[in-house]
Amino acid sequence: MPDTSVYSKFDTNSYLRQYAVIGEHPTLGEGWEYIRLRLNKLMVTTEKSILKAEYYTHNLYTPNSSTTLELSTVDQDWSSTQMIWSNKVIPIKMMKFLQTQNVFEITDFVKRCINDQLKATEANGLILQTSKDYTVVATSDNSSY
């Protein structure tokens with residue numbers, strides 16, 4: 001799962017980091033984590049075969065226990081190695097997924113990915129955000145992920 005982070009006060013690409021700071025951090029500013037799936041590359045299946053799909057995050061640090069993560073879809077392509085805050089992709093479809101203890105139910109999204117013959121849905125991926133405070137989560141490059 002390629003992913004990258006963008007920060008409003010950090011003008012350098014954050015690709016292949018072991019963690020992402022999501023939300024409003026005092027030093028980095030606002031942080032968003034972009035997530036790209038590779039379902040069609042890793043498996044061959046059909047929509048009917050998918051009973052349930054979940055996305056798990058692993059918190060490394062959360063200073064405020066009331067911080068809630070939000071997962072949204074993206075409608076356009078983005079570059080893992082080139083993106084910074086000033087050229088970030090804005091989530092056009094602010095589809096919120098059910099979150100319980102850092103587990104997001106993404107069954108409908110995964111079914112759309114599998115049905116998309118052009119593979120654009122999974123390539124455009126998701127954005128992990130929060131509307132208040134911040135939290136630090138492991139990315140797919142972290143051994144605890």
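What share of the 145 residues in the protein is buried? Buried residues make up 45% of them. Keep that figure in mind as you go through the views below, which come from a predicted model.

**Figure 1. The whole protein, with its helices and strands.**
Let's start with the full chain. The secondary structure comes to 3 helices and 11 strands. If you read along the sequence, you meet them in the pattern β-β-β-β-α-β-β-β-β-β-α-α-β-β. The C-alpha trace spans about 45 × 30 × 30 Å along its principal axes. How does the radius of gyration fit a compact globule? For 145 residues, such a globule would have a value near 15 Å, and the protein agrees because its own value is 15 Å. Among contacts with a separation of 6 or more, 77% are between residues 24 or more positions apart. As for the outside, the protein exposes about 7,900 Å², and carbon and sulfur atoms supply 51% of that area.

**Figure 2. Strand β1 and its two partners.**
Here we move to strand β1, residues 3–7, where 5 of the 5 residues are buried. Which way do its residues point? Asp3, Ser5 and Tyr7 point one way, while Thr4 and Val6 point the other way, and all are buried. On one pairing, β1 runs antiparallel to β4 over 5 bridges. Look for Asp3 here, whose bridge partner in β4 is Ile35. On another pairing, 3 bridges join β1 to the antiparallel strand β2, residues 10–15. Thr4 stands opposite Tyr15 of β2. A hairpin of 2 residues links β1 to β2.

**Figure 3. Strands β7 and β10 side by side.**
Next comes strand β7, which covers residues 69–73. This strand is mostly covered, with 4 of its 5 residues buried. Its antiparallel partner is strand β10, residues 126–130, and 5 bridges hold the pairing. To find your place in this view, look for Thr73, which stands opposite Leu126 in β10.

**Figure 4. Two nonpolar cores.**
In soluble globular proteins, nonpolar side chains tend to be buried together. Which residues have the most contacts inside the largest nonpolar core? They are Ile35, Leu71, Phe104, Ile106, Val110 and Leu128, in a core of 24 residues. Several elements give two or more residues to this core: β3 (19–25), β7, α2 (107–115), β10 and β11 (134–138). Helix α2 supplies the largest share, with 4 residues. There is also a second, separate core of 9 residues, which includes Val6, Trp32, Met83 and Ile127. You have already met Val6, as one of the buried residues of β1.

**Figure 5. Arg36 and its polar contacts.**
Our last stop is a single residue, Arg36, in the loop between β4 (29–35) and α1 (39–42). Is Arg36 buried or exposed? Arg36 counts as buried because its relative accessibility is 7%, and the cut-off for buried is under 20%. What does its side chain touch? The side chains of Arg36 and Asp77 are joined by a polar contact of 3.2 Å. The Arg36 side chain also makes a polar contact with the side chain of Ser80, at 3.3 Å.

Key:
Residues are numbered from 1 along each chain as its sequence is written. This is a predicted model: local features need pLDDT of at least 70, side-chain atom pairs count only at pLDDT 80 or more; totals for chains, interfaces and linings use all residues. Side-chain values use heavy atoms; hydrogens and water are left out. Buried means under 20% relative accessible area, exposed over 50%, partly exposed in between (1.4 Å probe, protein chains only). A polar contact is a pair of N or O atoms within 3.5 Å; within protein, one must be able to donate a hydrogen and the other to accept it, and residues adjacent in sequence count only if both atoms are side-chain atoms. Two strands pair if DSSP finds at least two bridges between them. The radius of gyration is taken over C-alpha atoms; the globule rule is 2.2 Å times the number of residues to the power 0.38. Contact means heavy atoms within 4.5 Å. Accessible areas come from the Shrake-Rupley method with a 1.4 Å probe; for residues, only the protein chains shown count as cover. A nonpolar core is a set of buried Ala, Val, Leu, Ile, Met, Phe, Trp, Tyr and Cys residues joined through side-chain atoms within 4.5 Å.
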